[in-house]
Structures are given as structure tokens and as C-alpha cells.
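Trainee: I have a model open and would like to go through it with you. Could we take it topic by topic?
Mentor: Certainly; please put it on the screen.

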Amino acid sequence: MNNNSTQLRRVDSALRTAFIADSLAMPVHWYYQPLEIELAFAGGIQRFEAAPEFHPSSIMSLHSKNKGGRQSADKAPSASATNGALWNKPVPQVVGDIILKDKAQFWDTPNVHYHQGMKAGENTLNSHCARVLMRSLTHTSGSYDRNDFVSAYIDFMTVQPPAHPDTYAESYHRGFFANLAQGRKPEKCAMKTHDTASIGGLVTIGPLVFSERLKGTNESDIQIACRAHLALTHPDEFLMQVCDRYVTLLCRLMDEGGGDGVKALLVEASKSLPSFDLAGLVKRNLPDHHVVGHLFSRACYISDSWPIVLYLAYKYQDDPWQALRVNTNLGGDNVHRGIVLGTILGLQTDTVATNWFTQLADHKVIAQEIDVLLAASVNAASVNEATAPKS
């Protein structure tokens with residue numbers, strides 16, 4: 001097996017494992033107490049499950065349906081903000097009128113599950129957005145085009161009937177479409193809120209890294225492309241610094257796969273975080289629920305979720321399925337952590353993908369999209385090589 005086919009196999013496994021991790025965590029996404037997970041699912045999540053009707057930690061009813069952030073921040077623009085014009089023009093509601101057109105009703109009731117109605121094996125909204133990027137990369141023959149992606153993203157989010165089964169949209173989605181509704185250019189619609197620097201921003205990075213790397217793009221240029229991509233939805237410098245480390249980690253895992261060197265790569269990736277001793281933390285052999293929940297928050301913020309991902313990847317390197325189950329049953333933003341964790345683990349082994357991928361609701365079409373993406377990237381690499389100046 002040549003190096004190119006080895007990389008293709010690793011990337012295929014990484015993408016499949018990411019979708020598995022997302023669906024596995026979906027039913028207990030944003031449960032903030034492990035006991036709540038145990039009460040809902042005796043023994044914790046061990047397989048794909050449907051979303052329960054009742055969510056004990058849900059605060060979806062407090063989130064704004066008009067922009068990013070919470071309802072407390074909602075208010076109509078002042079006269080000065082509209083150059084003195086009277087504010088009497090009806091403003092469309094983002095959730096209900098622009099996106100999630102059949103789901104606004106679920107946002108008004110306490111304890112409704114963020115992913116209400118979703119069945120076992122279905123994928124959440126941000127995973128679907130990763131698929132949007134995969135299709136965009138294929139459409140542009142493996143080359144990343146910000147305008148093509150953002151156009152595809154807008155079409156996907158606004159189409160009726162909906163192209164995904166989810167009920168909740170993270171703050172960045174709502175902020176983007178609030179700005180778009182006010183007439184901003186799509187590439188300028190990112191809204192910065194208290195949770196812009198979140199692990200959800202890294203969900204679409206994997207496919208972009210893989211496509212560019214398979215084409216032969218160097219690591220630094222991939223980092224630049226990923227920063228430009230993040231700027232569309234997550235304009236935060238610290239998040240971009242973490243993304244740089246994530247890009248490096250994925251590129252090197254593509255080249256090296258599993259083995260003893262992986263832990264060194266994970267330690268290197270952790271250096272974006274001050275005073276974080278990854279190897280030392282694992283050696284302390286603390287309970288996982290102490291590391292996640294006491295040392296680091298279960299919430300989405302990248303300052304906590306990135307070290308959690310690295311910790312789980314390091315500790316459970318030899319048992320990726322256990323890593324994904326542990327991540328799931330620790331609660332919090334386990335879906336988006338899981339996608340990033342699954343991507344990292346899947347580059348090292350196809351064990352999880354082989355055993356679980358066909359249980360995903362959309363496994364056939366996802367597999368086809370992955371195949372087409374990999375083929376487009378390889379073809380682009382061949383074209384680049386054929387047209388490169390000969391020395």
C-alpha cells in the first residue's frame with residue numbers, strides 16, 4: 001500500500017468516526033450533570049440513542065431567536081443606529097422566519113431537548129454543516145472557495161423543507177443570519193458573542209484540512225485557509241491559534257497515523273494553552289469526571305474543551321470507542337468535542353468506523369460524499385503535479 005492510499009484510508013476513517021461521535025453524544029448533548037445522564041440512560045450512553053423528550057439542563061428557551069446570545073440581549077436598533085429613521089419596519093425572526101422555519105415553537109418551552117425529535121443514529125446541525133463544506137469542496141474540484149461555501153451554507157440553512165433534522169442552532173448561526181437579514185455581505189456576517197471562541201468552530205475544519213493536504217498543500221497554507229474559513233463564522237484570534245495547532249496535529253497524524261509518536265503530537269498540540277501539562281495530568285490518574293467538570297468546564301468554550309479533547313485522546317489512545325463513550329457520558333458540549341476527538345482518533349485506527357458507521361441514519365450518502373471528496377482532492381493533486389513548472 002503506497003503512502004497516498006494510506007492517507008486516504010486514514011482520512012476516510014477520521015471523517016466516519018467524527019460523524020459517529022456526533023450521533024453518539026447527541027441524546028445527552030448539554031446535560032451538565034453526569035447523574036442526569038445516568039437517570040435518563042441506565043449505565044450511560046453505550047450505543048446510538050434517540051433524543052429524550054425531557055432535557056433536565058436545557059436553557060434553549062433562554063436563547064435569543066433573533067441573534068446570537070441570550071434573550072436578555074435582544075432589542076430593536078435605536079433611532080441613532082438607523083440614522084434617525086423610525087424603527088417600524090417588521091424585522092424577521094431568525095429562528096422561525098429565516099432558519100429552522102418549523103422549529104421556533106420548541107424554543108419557547110423549558111426543558112425541551114436541543115435535538116428534540118431526532119432519532120438514534122441521526123447527526124446534528126454542525127455535522128451537516130461539515131457535509132456542506134465537503135460538498136462545496138467537491139463542487140470546486142477540491143479547492144476551497146469561501147464564496148462557494150458561504151453560498152452553500154446559506155442555501156442549506158434556509159431551504160424549506162429543512163435539509164436536516166435538528167431543532168437548535170448555535171449562537172454563531174443565529175448571529176450570522178441576523179447580520180445577513182440586515183443587509184451585510186455574506187462574508188461579513190460573522191457576529192462575535194460571549195461564546196464565539198467555542199469548540200463548535202472546529203467542526204468543519206477537518207474536511208478542509210484533509211482536502212488541502214491530499215492535494216499537497218503545505219501546512220502553513222492550510223492554516224491560512226482554515227483561518228479564513230473560521231473568520232466567516234467564528235472571528236476570534238485565540239480560537240484561530242488553537243485551530244493552527246489542530247491543523248498541525250491533523251496533518252502530522254495523516255502522515256504518521258498511530259503509534260508511540262501520537263502522544264508527543266498531542267502534547268505539542270496542547271502548547272497553545274498556557275500552564276497545561278497534558279502528560280502530567282494523565283499521570284495523576286484523576287477520575288475523568290474530576291478533570292471534566294472541576295479542572296475544566298464541560299461548556300463549549302475552547303479554553304476548556306480543547307484540553308479536554310487532548311486529554312481524552314491521550315488517555316484513551318488505545319481504546320477509541322471508550323474515549324468516545326467517556327466523552328459522551330461526561331456531558332456538556334460533548335457533541336462538538338466528540339466530533340473533534342473522533343477526527344483525531346479516526347486518523348489512528350478504523351476500529352470505530354468499521355463497527356459503527358453503518359448504524360448512522362445517513363451512512364450511505366455520507367460515505368458517498370466522503371468518497372467523492374477524496375477523489376476530487378486526489379484528482380486536484382494530480383492536476384497540480386502535472387501543471388507544476390518542471391525544474
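Trainee: How many disulfides does the count come to?
Mentor: The count comes to zero disulfides. Please keep in mind that this is a predicted model.

Trainee: Why is there no bond between Cys-226 and Cys-243?
Mentor: The cysteine sulfur closest to that of Cys-226 belongs to Cys-243, and at 4.8 Å it is too far for a bond. A disulfide requires the two sulfur atoms to lie within 2.5 Å. Cys-243 is likewise in no disulfide, with the sulfur of Cys-226 as its nearest cysteine sulfur.

Trainee: Are those cysteines buried or exposed? I mean Cys-226 to begin with.
Mentor: Cys-226 is buried, because its relative accessible area is 0%. Cys-243 is buried as well, again with a relative accessible area of 0%.

Trainee: Let us change topic to helix packing. At what angle do α13 and α15 cross?
Mentor: Helix α13 covers residues 302-315 and helix α15 covers residues 334-346; their axes cross at roughly 40° and come within 10 Å. The two helices are therefore oblique to each other.

Trainee: Is that crossing left-handed or right-handed?
Mentor: The crossing of α13 past α15 is right-handed.

Trainee: Which residues meet there, between α13 and α15?
Mentor: From α13 the contact draws on Ser-305, Trp-306, Ile-308, Val-309, Leu-312 and Ala-313, and from α15 on Arg-337, Val-340, Leu-341, Ile-344 and Leu-345. Sorted by class, this contact of α13 with α15 holds nine nonpolar residues, one polar and one charged.

Trainee: And α5 with α6, what is their angle?
Mentor: Helix α5 (residues 146-158) packs against helix α6 (residues 171-181) at about 100°, and their axes are 12 Å apart. This angle makes α5 roughly perpendicular to α6.

Trainee: Which side chains should I look for in α5 and α6? I want the residues that meet.
Mentor: In α5, look for Val-150, Tyr-153, Ile-154, Met-157 and Thr-158; these meet Tyr-172, His-173, Phe-176, Phe-177 and Leu-180 in α6. The contact of α5 with α6 has eight nonpolar and two polar residues, and no charged ones.

Trainee: Where is Ile-199?
Mentor: Ile-199 sits in the loop between α6 and α7, the latter being residues 205-215. Ile-199 counts as buried because its relative accessibility is 0%.

Trainee: What does Ile-199 touch beyond its sequence neighbours?
Mentor: Leaving out residues up to four places away in sequence, Ile-199 touches Cys-300, Ile-302, Ser-305, Val-309, Asp-333, His-336, Arg-337 and Val-340. Ser-305 and Val-309 are among the α13 residues that meet α15, and Arg-337 and Val-340 are among their partners in α15.

Trainee: How many residues apart are Ile-199 and Met-157?
Mentor: They are 42 residues apart in sequence, and their C-alpha atoms are 20 Å apart in space.

Trainee: Next, how many residues of α14 are buried?
Mentor: Nine of the ten residues in α14 (residues 320-329) are buried, so this helix is mostly covered. The buried residues include Trp-321, Leu-324, Arg-325 and Asn-327. Just after α14, Gly-331 takes a positive phi of about 70°.

Trainee: One last residue: where is Ser-136?
Mentor: Ser-136 lies in helix α4, residues 125-139. Ser-136 counts as buried, at 3% relative accessibility. With neighbours within four places in sequence set aside, Ser-136 is in contact with Asp-145, Asp-148 and Phe-149.

Notes: Residues numbered from 1 in each chain as written. Predicted model: local features only at pLDDT ≥ 70, side-chain atom pairs only at ≥ 80, totals over all residues. Heavy atoms only, no water. Buried < 20%, exposed > 50% of the residue type's maximum accessible area, 1.4 Å probe, protein only. Axes fitted to C-alpha atoms, helices over the stretch in contact; angles between N-to-C directions. Helix = DSSP H or I, 4+ residues; strand = E, 2+ residues; numbered from the N terminus. Parallel < 35°, antiparallel > 145°, perpendicular 65-115°, else oblique. Left-handed = near helix turned anticlockwise from the far one by under 90°. Contact = heavy atoms within 4.5 Å. Nonpolar A, V, L, I, M, F, W, Y, C, P; charged D, E, K, R; others polar.
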